[in-house]
Amino acid sequence: MARKKDSVAPGQNALNTPYGGYFQREVPGPDPELTSTDPGTPMGEFMRRYWQPVCLSEKIDELPQPIRIMGEDLVAFRDLGGRVGVMHRHCSHRGASLEFGLPQEKGIRCCYHGWWYDIDGTILEMPEEPDDSPIKDKLCHGAYPAIERHGLVFAYMGPPDLKPDFHVYDSIDVPDNKIYAFSNWLPCNWLQVHENVADQAHISVFHNGVGSRALMEGAGADSTETSLPKAFSAESPVVENRVTDNGRTMVIITTRRVGDRVWVRNNHFMVPNYLEIAGVFEDLESQKYFAGASHVRWNVPHDDDSCSVFAWRYFNKESDPKGKGDSSKLGVEGGDFLEGLTGARPREERHRYPGDWDVLVGQRAIAVHAKENLAASDQGVAMWRKICRDALRDETQHHWAKPGNGGEAHFRGYVNDTVFFIPPLVDPAEDRDLLRDVGRRVTDIITDESLSPGRERKDEVRKRLQAFENEVCEAHGS
Ligand code: FES
Ligand SMILES: [Fe+2]
């Protein structure tokens with residue numbers, strides 16, 4: 001006989017009953033407004049209004065590459081003239097896969113009956129058809145504009161008349177910046193991968209060895225390769241999140257106290273799926289002002305339950321003065337600053353020392369927001385979801401990319417590492433207030449909208465940061 005559903009003890013409910021798993025068995029559906037990106041979905045159409053990386057250039061050096069992006073089966077290739085093409089995978093004739101196609105001086109020829117397409121989808125030849133066949137004039141194969149930048153192939157998959165300029169953030173403009181591409185595939189939804197960086201609380205726990213067996217086994221906090229450098233493990237950083245650029249971007253402000261250092265780290269998120277991440281080798285040995293990104297990345301859906309991180313890793317003295325990066329470890333399924341970014345490790349090792357890949361994939365194929373209990377430390381995650389929802393629900397599409405003229409659009413990047421020498425205040429509570437103020441002021445300076453993107457802006461920001469550090473030290477008599 002079925003038991004009554006409300007058989008919880010007095011004073012308790014379905015959620016706070018010890019041994020109450022019985023009451024929590026239902027798993028609601030995901031949050032498709034944000035997680036679904038197939039054609040015609042709100043988020044899918046939003047993402048399609050931006051240039052998106054679709055594969056690494058190295059993948060098409062030899063052969064056409066079958067790819068799947070936002071639920072569309074595509075093929076990427078480089079023709080013999082050196083141009084990149086991204087088009088629907090199945091031939092417009094009888095559906096053969098163009099991954100077996102033959103790149104031509106111009107475009108690609110289907111292997112099955114030889115229909116030959118230019119990179120824009122124009123039919124150039126149909127060998128078995130009469131010369132006066134009307135098909136060529138009536139039909140173009142489905143193709144998308146594509147370009148290559150720094151080892152990534154980008155495609156624009158939105159409405160042709162709304163194609164934006166390619167967005168460039170001035171964080172890329174660093175003296176002697178060497179840029180390498182890498183990618184990581186994950187069998188889970190794009191959003192949980194994106195939110196991982198907004199989830200700063202996991203840095204001082206998960207990447208501090210607490211989340212692995214390293215501490216249990218008596219090893220040091222930074223002893224596993226899924227740990228970040230010691231500087232990241234400062235206790236309870238002050239974390240705040242700020243919406244910027246009229247709701248189009250979000251800055252995470254993480255301010256740490258380590259001895260007489262105050263380290264302000266900013267990661268910068270831009271709608272819909274791009275973000276820039278500050279340094280990953282920080283040792284706090286020297287002062288620095290507005291050091292830039294270690295890497296920037298797009299989290300691109302293949303479909304709703306798989307995605308790839310497509311990234312540019314930046315090598316320069318500013319973000320890695322001691323040259324700890326290793327470009328030989330980049331490329332497909334690459335990464336040189338943290339183990340555990342891919343699922344390629346042995347199962348035993350992943351269980352003992354889980355990495356980001358393991359926890360993100362482990363959140364379910366599509367994380368179920370209705371089962372979460374977001375807490376105070378999840379403000380960045382909540383803010384990012386709100387930014388996306390607001391952008392999707394705004395019928396004016398005010399926050400969406402604007403149509404361009406085929407060139408580049410330039411923006412300010414707010415990614416930052418600033419290390420001040422500011423001795424701690426005696427009262428720990430006052431010192432924490434100081435950290436909060438410093439983080440906020442640094443972010444005010446960096447996000448100043450009156451400064452145009454470019455190196456001059458960066459010089460000016462650095463001058464202001466130095467002046468601010470002096471001001472704080474004078475105010476506290478140090
Ligand atoms: S299926 Fe491609 S040419 Fe016939
Ligand atoms: Fe992480």
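## Getting to know the chain

There are ten helices and 23 strands in the chain; helices (H or I, at least four residues) and strands (E, at least two) are DSSP runs, numbered from the N terminus. This is a predicted model, in which local features need pLDDT of at least 70, side-chain atom pairs count only at pLDDT 80 or more, and totals for chains, interfaces and linings use all residues. Residues are numbered from 1 along each chain as its sequence is written, while chains are lettered from A and ligands numbered from 1 in the order in which they are written.

**Exercise 1.** Find out why the radius of gyration of the chain agrees with that of a compact globule.

*Solution.* Start with the rule: 2.2 Å times the number of residues to the power 0.38, with the radius taken over C-alpha atoms. For 478 residues this gives a value near 23 Å, and the chain has 25 Å, so the two agree. Then look at the extent: the C-alpha trace spans about 90 × 75 × 45 Å along its principal axes.

**Exercise 2.** Work out which domains the chain has and how they meet.

*Solution.* First, split the chain into domain 1 (42-161) and domain 2 (166-475), with bounds from an automatic or database domain assignment. Their centres, taken over C-alpha atoms, are 34 Å apart. Next, count the contact (C-beta atoms, placed from the backbone, within 7 Å): domain 1 gives 22 residues and domain 2 gives 21 residues. Finally, find the elements that give two or more residues to the domain 1 side: α2 (42-47), β1 (51-56) and β2 (65-69).

Definitions and conventions:
Contact = placed C-beta atoms within 7 Å.
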